[in-house]
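Reader: Hey, got a minute to walk me through this model? I'd like the plain version.

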Amino acid sequence: MILSVLTGLLFGSDGYYVALAWTSAALMYFIVRSLRMTSVGTDGVGGPAPRQRFQLYLTLAEAAFQPMIIYWLTFHLVR
């Protein structure tokens, strides 16, 4: 968030949106890579267990929701 706001203050709204896209993509990648390993396993048959599948979908939803939260908290700071 700080990087996006600072870039927006220095380069205007276009810079803000570029920085927001870049930091959001990096944050989503980090969340999925770090939390996926803790929630994915096998149930002995070869596929993920239903609870682990739910945890994986929850992780993906959380990763997709983070950029919206960042935008909502910072869009009014850069015009």
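Author: Sure, here is a quick tour, starting with the ground rules. The model is predicted, so local features need pLDDT of at least 70, side-chain atom pairs count only at pLDDT 80 or more, and totals for chains, interfaces and linings use all residues. Residues are numbered from 1 along each chain as its sequence is written, and side-chain values use heavy atoms, with hydrogens and water left out.

Reader: Cool. How many helices and strands are there?

Author: The protein has 2 helices and 0 strands. Both terms refer to DSSP runs, numbered from the N terminus: H or I of at least four residues for a helix, E of at least two for a strand. Helix 1 covers residues 2-39, and helix 2 covers residues 50-74.

Reader: What does UniProt mark as "transmembrane region"?

Author: The unreviewed UniProt entry puts that label on residues 15-35 and 56-74. Positions are in the numbering used here, feature names are shortened, and such annotations may be inferred rather than shown by experiment. In the model, residues 15-35 are 100% helix, with the end C-alpha atoms 30 Å apart. Residues 56-74 are also 100% helix, and there the end C-alpha atoms lie 28 Å apart.

Reader: Where does helix 2 bend?

Author: At Phe 65, by about 25°, with Pro 67 following within four residues. The bend is the angle between axes fitted to the seven residues ending there and the seven starting there. End to end, the 25 residues of helix 2 reach 37 Å from first C-alpha to last, close to the 36 Å expected at 1.5 Å a residue. That expected span is 1.5 Å times one less than the number of residues.

Reader: Which residues of helix 2 are buried?

Author: Thr 59, Ala 63, Pro 67, Ile 70 and Thr 74. Buried means under 20% relative accessible area, exposed over 50%, and partly exposed in between (1.4 Å probe, protein chains only). Of the protein's 79 residues, 24% count as buried.

Reader: And Glu 62, how accessible is that one?

Author: Glu 62, in helix 2, has 35% relative accessibility, so it counts as partly exposed. Its C-alpha is 8.6 Å from that of Met 28, 34 residues away along the chain.

Reader: Switching to helix 1: are Phe 30 and Tyr 29 buried or exposed?

Author: Phe 30 counts as exposed because its relative accessibility is 54%. Tyr 29 is exposed too, at 55%. Both sit in helix 1. The C-alpha atoms of Phe 30 and Ala 63 are separated by 8.7 Å, at 33 residues apart along the chain. For Tyr 29 and Leu 60, 31 residues apart in sequence, the C-alpha distance is 9.9 Å.

Reader: How much of the contact count comes from residues 24 or more positions apart?

Author: They account for 60% of the contacts with a separation of 6 or more. A contact here means heavy atoms within 4.5 Å.

Reader: Last topic: how many aromatic pairs?

Author: There are 3. One of them is Tyr 71 with Phe 75, stacked at 5.2 Å centre to centre and 25° between the planes. Rings of Phe, Tyr and Trp (its six-membered ring) pair if their centres lie within 6.5 Å; planes under 30 degrees apart are stacked, over 60 edge-to-face, the rest tilted. Ring pairs link Tyr 16, Tyr 17, Tyr 71 and Phe 75 into a cluster.

Reader: Why do Tyr 71 and Phe 75 count as partly exposed?

Author: Because Tyr 71 has 34% relative accessibility and Phe 75 has a relative accessible area of 37%.
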